[in-house]
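Dear colleague,

Please find below the structure that I am handing over to you, followed by an account of what was found in it.

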There are 2 protein chains.
Amino acid sequence: MNHYPASILRLITHFSRLPGIGEKTAERLAMHVLRAPRKEAEGLSSALLDLKDKVRLCAECFGLSDTEICRICGDPGREAGLVCVVEQPAEMVAIERAGGFRGKYHILQGTLSPMNGIGPDEIRIKELLERVESGGVTEIVLATGTSVEGEATASYIAECLKPLPVKITRIASGVPIGGDLKFVDGMTLKRAMETRHVL
Amino acid sequence: MNHYPASILRLITHFSRLPGIGEKTAERLAMHVLRAPRKEAEGLSSALLDLKDKVRLCAECFGLSDTEICRICGDPGREAGLVCVVEQPAEMVAIERAGGFRGKYHILQGTLSPMNGIGPDEIRIKELLERVESGGVTEIVLATGTSVEGEATASYIAECLKPLPVKITRIASGVPIGGDLKFVDGMTLKRAMETRHVL
């Protein structure tokens, strides 16, 4: 590697620190930057700093935002009474991308995981309860993952919300659309059978 | 994609302009930068600009350098009389990485390609001839590629150098080390047979 000038080596090193970028790829990227117009390098360079400067958590849903209140929380066309609880911003993006959901979100920023020292105070559960208590929320859709931690987090939140006048639902688990029943794991199939619904 | 705040989207767009980085990977990289310490983003950001500011062509060999004369050309331990001619800096790096070559380099910055309007004046052939004419060079190793253009460029340079008192050699083509003879293409095998040497 040390056959390149120092400034190229430095960029290769920085690129190879990114996840999934090995040394060979980092080298190819650096060579691309070398050939590319200066404007392109400047664009990437400033976008990196911009992201670190501007992105923060939305004061309402704790999703990623570059304003005090994020675009979804600030959208009057969204059903304010319907709140979907997810673990991380990426899950919110996945649901948005799928389309169809017209409510708002609450991003927990994690799951309960006592083994790793993450209890109810470490994630945004208190803020969710406050949001429900302050009124206006009619339904909470628990869309945390189907891992042990995700399920435990959903159960815990459901328990906390029980005394409050709000409908609590859980996103359905089951056979994926287009999935072949014989390739679906037993746990999923069992759950799909238990939560079957009337057509 | 537009479910992210603008500053994240901008970084995703910039990442996805890099070669081999699709939208999904760009998204993953941006999320990594978001979680990573600010210092890491700053490092990559400044390395990008640094590369564009500092890297230039070595005044002697036209390889990549961040000084007037590159590390290899400035190395007194290198055999100044032995000059290896390659097409691009990447080939120089490959030869250096392989090790064993103790001479210097001359990077043409391309190959002759009349179809694409690249004639002898478009690449650094004149500079090579000047370098040989100014004395001190005893052997030129032509290590341009084995493509039609690479071969033509090597022939052309050999022709130009003929009148000068310099030994002209061509890097060997043949069966790769560890390669199975029956999987080697006919052209390579034919060449390997023609350029066989006495043991």
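In this predicted model, strands β3(B) and β4(B), the latter spanning residues 104-107 of chain B, pair in the parallel sense over four bridges, and within that pairing K104(B) is the bridge partner of V83(B). The two strands also belong, together with helix α4 of chain B (residues 89-98), to a right-handed β-α-β unit.

β3(B) has a parallel pairing with strand β5 of chain B (residues 139-142) as well, again over four bridges, and there V83(B) has I140(B) as its bridge partner.

As for the surroundings of this strand, five of the five residues of β3(B), which covers residues 82-86, are buried, so the strand is largely enclosed by the rest of the structure. In a regular strand the side chains alternate between the two faces of the sheet. Here L82(B), C84(B) and V86(B) point one way, while V83(B) and V85(B) point the other way, and all of them are buried.

Turning to the chains as wholes, chain A is divided into domain 1, residues 6-54, and domain 2, residues 77-174, and the C-alpha centres of these two domains lie 37 Å apart.

Chain A is superposed on chain B by a rotation of 180° with 0.0 Å of shift along its axis, at an RMSD of 0.1 Å, and the two copies are therefore related as by a two-fold rotation axis. In chain A, the C-alpha nearest that axis belongs to S45(A), at 2.1 Å from it. The same surface serves both copies, since 100% of the contact residues of chain A recur in chain B.

With best regards

Key. Residues are numbered from 1 along each chain as its sequence is written. Chains are lettered from A and ligands numbered from 1 in the order in which they are written. This is a predicted model: local features need pLDDT of at least 70, side-chain atom pairs count only at pLDDT 80 or more; totals for chains, interfaces and linings use all residues. Side-chain values use heavy atoms; hydrogens and water are left out. Domain bounds come from an automatic or database domain assignment. Copies are superposed by least squares on the C-alpha atoms of residues with pLDDT of at least 70 in both. Contact means heavy atoms within 4.5 Å. Buried means under 20% relative accessible area, exposed over 50%, partly exposed in between (1.4 Å probe, protein chains only). Two strands pair if DSSP finds at least two bridges between them. A crossover is right-handed if, with the strands pointing away from the viewer, the path from the first strand over the helix to the second runs clockwise.
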